Amino acid sequence: MHTVNLTCPTSWRELSQQQLRYVFYLLATFADLTVVKTYMFVRFTGIRVIRRNRFGWQCAKGGQVFYIQLWQIHSFIQQLDWVGSYETMDNRLDVVQGLHAVDPLLQLNPDTGRYVPFDDYLYMEAQYQHFHNSRDEAHIDRLASFLYRRPDYSRVSELSLTPAECLATIAWYAHVKLVMAAAFPHFFRKAKADADTADLSILESYNVQLRALTDGDVTKEHAVKQLDCWRALTELDAKAREAEEFRRKFPKAAQ
């Protein structure tokens, strides 16, 4: 008897673009993650289910017919639990409606010299927060218009995502936020203190720190907003760290 090899991707990163689109189609279609993972298991292992009963599945693959017991199915789909966490999605759709994705982490592309300006990042952050406050997916369409661009890097004025593309955009940006929070712990520290007001705290902090970056000179604001967003956040994190050190050394002066 020949052994049947059944393998599935073990993380978001391992998904091909076609697989990634399929997963987000499933997530946009089914509310039950067990259903999503079951469809993923069948599609990615390449099996064909002949019949099912309360004991398991009779399946076929590569001309072989075999039986998978229920406990084996449960074990397989548990290995797909990572699909339930968007923040671990270190992958993203490369193309949406003919538009090409910017850098996965919004960083400077050394080959093209293209980057996401700080001003664009501020707008994207605002749209992401507005979506979570209102659940209006129009905000995700606007967010995506900054994340996906024409070949010349220009933006479209309007974009209307499918439900699957909308979920993919949210998941990608959630992962970017997680990476940035780890990279700039001093700047994002305030947001961690109170999860209910985290986003509001960040936006308030932007306004304060933007003044710090410009030294209060409004004529410098345009130039600052055109900085590479990672460069601007690096400076904001340094200023936040300096402020923390000052408060620690001179607690009375900071009151």
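## Exercises on a predicted model

Just after helix H4, Arg135 takes a positive phi of about 65°. This is a predicted model, in which local features need pLDDT of at least 70, side-chain atom pairs count only at pLDDT 80 or more, and totals for chains, interfaces and linings use all residues. Residues are numbered from 1 along each chain as its sequence is written, and side-chain values use heavy atoms, with hydrogens and water left out.

**Exercise 1. Compare the span of H4 with its expected value, then find its buried residues.**

Step 1. Helices (H or I, at least four residues) and strands (E, at least two) are DSSP runs, numbered from the N terminus. Helix H4 covers residues 118-134, which makes 17 residues.

Step 2. The expected span of a helix is 1.5 Å times one less than its number of residues. For H4 that gives 24 Å, and the end C-alpha atoms are 24 Å apart, so the two agree.

Step 3. Buried means under 20% relative accessible area, exposed over 50%, and partly exposed in between (1.4 Å probe, protein chains only). Buried residues of H4 include Phe118, Tyr121, Leu122, Met124 and Phe131.

Step 4. Now take Asp119, which also lies in H4. Asp119 counts as partly exposed because its relative accessibility is 31%. Contact means heavy atoms within 4.5 Å; leaving out residues up to four places away in sequence, Asp119 touches Lys225 and Gln226. The C-alpha atoms of Asp119 and Ala223 are separated by 9.7 Å, although the two residues are 104 apart along the chain.

**Exercise 2. Trace the pairing of strands E1, E2 and E3.**

Step 1. Two strands pair if DSSP finds at least two bridges between them. E1 (residues 48-53) and E2 (residues 56-61) pair in the antiparallel sense over five bridges.

Step 2. Look at the turn between them: a hairpin joins E1 to E2 through two residues, and Asn53 has Gly56 as its bridge partner in E2.

Step 3. Carry on to E3 (residues 64-69), which runs antiparallel to E2 and is joined to it by six bridges. Here Lys61 is bridged to Gln64 of E3. Two residues sit between the strands of this hairpin, where Gly62 takes a positive phi near 60°.

**Exercise 3. Which strands stand at the edges of the sheet E4-E5-E6?**

Step 1. The three strands form an open, antiparallel sheet in the order E4-E5-E6.

Step 2. E4 (95-96) and E6 (148-149) stand at the edges: each has a single partner strand, so one side of each is left without a neighbour in the sheet.

Step 3. Check one pairing: E5 (residues 99-101) and E6 share two bridges, with Tyr148 of E6 as the bridge partner of Ala101.

**Exercise 4. Describe the largest nonpolar core and the surroundings of Trp12.**

Step 1. A nonpolar core is a set of buried Ala, Val, Leu, Ile, Met, Phe, Trp, Tyr and Cys residues joined through side-chain atoms within 4.5 Å. The largest one has 69 residues, and those with the most contacts inside it are Trp12, Phe24, Leu106 and Met180.

Step 2. Helix H6 (residues 163-183) supplies the largest share of this core, twelve residues.

Step 3. Beyond its neighbours within four places in sequence, Trp12 is in contact with residues including Leu20, Phe24, Leu27, Trp82, Tyr86 and Met89.
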